[in-house]
Structure formats: structure tokens, C-alpha cells
Amino acid sequence: MDKKDGSQLIRGLEGVVAAETKLCDLDGKNGRLAYCGYDIADLARQATFEEVCHLLWHGELPAAVQLDKTTLALIAAREIPRELLQTFRLMPKATDPMRALQAAVAMLGMHDPDATDNAHAANLRKAVRLTSQLATAICAHHRIRSGQEPVAPASDLSHAGNFLYMLTGARPSAVVTKAFDASLTLYAEHELNASTFTTRVITSTQSDLHSAVAGGLGALKGPLHGGAGEAVMRTLLEIGEVANVDAFSDKALAEKRRLMGFGHRVYTAGDPRAAILKGLAEEACRQSGQFKWFEMAVKLHARINAAKKLIPNVDFYSAPLFYSLGVPVDLFTPVIATGRIAGWTANIVEQHDDNRLIRPRGDYVGAGRRPFVPLGQRGA
Ligand code: SDX
């Protein structure tokens, strides 16, 4: 739709290039994805989440000494202020974990010594701190809302292993840790998706990293974005058994129901992350004796793809994977945030380092210009 001055309305900014970035190379037509030039399949299989954080923050895979430094900095930053734990105890028990997390990030900004410093080095220090603290906050809130005491971080476990430990109180196996670690890598960064773009808009006003991440959490929460994973699992729970998939699919298609986990704004040929997560989900569902969730997902994928040519996106197979790893369903989106904070903070650093205020236009389609009418003359 062309505006009067010839500029064009592009709904949802579809296809609009809003920034140059060195972080993520997303080829939607061919279903390919790379972080700083490294293919996502190689990173998911051969790198740890700590290596991927370093890659996104510094642009290069770390050598051993650099990886130790980043790993130790992440471990050192795992504690959260006791005031935050007290705040979790004051929240209504039914508080949505994503709302609790948004409040937590705002509070962590109140306690961060670099909170209002947007310099490159300060932003990198905050990126490390908040990446670690976010994981601890998610698990502490969950334990407190469940009537349990928070589990203190274990300094001998990796970021992924420590998350599962703080969540459940049990030290996870190497296989489970690797599957969860790969999930965090797969969710770490994805170009200008809605939540990352939100962090860039906030950053472009020269606001600060904690404010930008709090905004990103608000965007990620929505079911059209990060909230889809939880919705996929609720769909599988609604279906209940493999034998019910056909009847469910027929009804959903007849009702033109929007099925979460399917479709993507950019990928047309397929989401490369879904293919990797499918393999991780198959292994984890088999290991945990919950194979039916994987079987149901595969059958639903086939039915919906055959009927509507819709591809499964990253959130489709991460749902049975997270469920089989013992993640509560309403913590799926916080878990996605646990990975995506690496990409958000890397984008925030990149935006601050080469900034211009982000301010698109609106095309006015309201009432024409008209004289003011005093209150007494406005009729009933
Ligand atoms: C993520 O952007 C990113 O990179 C996001 C993400 C990341 O890593 O940050 O990849 C993570 O958010 C993945 C997407 C998670 N969301 C969902 O699974 C929600 C369900 N998906 C859809 O709502 C939809 O596919 C979107 C929101 C993902 C994309 O929407 P678009 O590009 O605006 O496409 P659309 O809604 O205009 O749909 C185009 C057509 C429509 O058909 P018509 O009305 O034109 O006939 O496809 C249909 C839609 O009805 N369609 C679906 C569908 N998704 C699209 N029909 C049924 N079920 C669906 N899920």
C-alpha cells in the first residue's frame, strides 16, 4: 500500500532490513543458519553454550584460555541478590514465570554496578552477569513458587548442567546435560526476531541493557513467538495419545485452527533448528520412557505439513524434548530466554557500538482535519 509521499506500508515489517549485523546469517529460502559464520549444526553438536556465548560476544570461537576466562566469569556471576529472593517470596504463587522474570531483570538492574554504563566493556560485563543470573532467577522463582528452597548454584557444573541442577536439585547425566546445552545453543541467536528487535529499539534510545532485556522478555512471552513452545506441549497433552492425532488434526484443520509450532516468517524451506531438535527429542523421549510424545509430534508434523505445507519451527520439537528433560511446561519460554539472552545481549552491544535511533513512520488513515468542538456543543 503506497503512502501519499510514495513510501510504502509493510505490515509486520516483513522483509524489511533494519540493521547490519555480524552475529547471525539466516538464509530463510534454503533453511540455513550460522552464528558469526559457523553453521548451527556444527555449533549444536561440537560447541558448548559457553563457547557460543563467547562467540556471540566477541565474534570468534574462544581458544582454551579465553574459554576458561568466560566460563569462570559466568560461574562467578551465578548468585542473585537476596532482595530478589525476598521479592519472589512476595509474588502471588500463580505469577506467570515470564512476568516474574521481567521483574527479576528490572531488580537485577537495580543491583548491577554497571547498570547505566553503555560502554562496550561495561555491556560485556553485564552480558556475562545477566546471562548467569537469569538462569539462577528462573530456577529460584520456580522452587519458591513450589514451596521449596532455592538450590544454590554448583560451581563444578556447566551452565546447562547447573540450570537443570538448580531446577530439580538433582545433578543431571552427561547425556541430558548435552541435550539441554545444545538446545540453549539452538535458541541463542536468530537475527532480528521480534524479541531481539525489541531489545534493539530500546537500546537505540541509549537506554540500558537491563531495560532492553526486560523489553525482550515481554516480546518473547507472546504465543506467536517464544510462547509457542509451551503451546505446542499443551496441544500434545490435549491430544493425549498417538491414536488421537488423526482425529485431532482433522478437527483442527476443519476449524482452521492456528497450530503453534508450525510456520515461520522467514523460513520457507524448513527451520534447520527443528531438524536438530527432532533428533535430540527422539533420544531424550526414548531415554526417559516418554516416547509417545515424540511419536505424536512426528505424526502431527506429517499431517499438518501434508495438509497445509506448513513447516515445524524451532518450538515444535523443543516441546517434547524439554518435557522429557523434566522442564515444567510453563518454564519452556523462560528456558528459551536462558538461551536467547546470549543473542539479545550481543545485539545490544552491537547496537550501542553503532547506533541510530530506531523510529519508523505510521500512515495516518483516521478522520480528516476538523475544527475543535467545545464540550457544551458536543451533544449527547
Ligand atoms: C519463533 O522470527 C523468528 O526468528 C522467531 C523465532 C526465533 O528464533 O526468534 O524463530 C522463534 O517465534 C518461531 C515461531 C513460533 N510461533 C509459532 O509457532 C506460532 C504459530 N505460527 C504462526 O502464527 C506464524 O507462522 C508466525 C507468526 C510464526 C509467522 O506468521 P506470518 O509470517 O505473519 O504468517 P501469517 O500468520 O501471515 O500466515 C501465512 C499463512 C496464513 O494463511 P492465509 O490466512 O494467508 O491463508 O500461513 C497460515 C496463515 O493462516 N499459517 C498458519 C500457521 N502459521 C501460518 N496456519 C495454521 N497454523 C499456523 N501455525
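Mentor: A polar contact is a pair of N or O atoms within 3.5 Å; within protein, one must be able to donate a hydrogen and the other to accept it, and residues adjacent in sequence count only if both atoms are side-chain atoms. This is a predicted model, where local features need pLDDT of at least 70, side-chain atom pairs count only at pLDDT 80 or more, and totals for chains, interfaces and linings use all residues. Residues are numbered from 1 along each chain as its sequence is written, and side-chain values use heavy atoms, with hydrogens and water left out.

Trainee: How far from an oxygen atom of the ligand does a polar side-chain atom of His 190 lie?

Mentor: His 190 is among the residues that come nearest to the ligand. Its polar side-chain atom and a ligand oxygen atom are separated by 2.6 Å.

Trainee: Which residue has a polar backbone atom 2.9 Å from a nitrogen atom of the ligand?

Mentor: Here the protein atom belongs to the backbone. The ligand nitrogen atom has this neighbour at 2.9 Å, and the residue is Leu 224.

Trainee: How much of the accessible area of the ligand does the protein cover?

Mentor: Accessible areas come from the Shrake-Rupley method with a 1.4 Å probe. On its own the ligand has 1000 Å², of which the protein covers 69%.

Trainee: Where does the ligand lie with respect to the domains?

Mentor: The bounds come from an automatic or database domain assignment, which divides the chain into domain 1 (20-223 + 331-353) and domain 2 (228-324). Both domains give residues to the shell around the ligand, so the ligand lies between domain 1 and domain 2.

Notes: A residue is near a molecule or strand if one of its heavy atoms lies within 4 Å of it.
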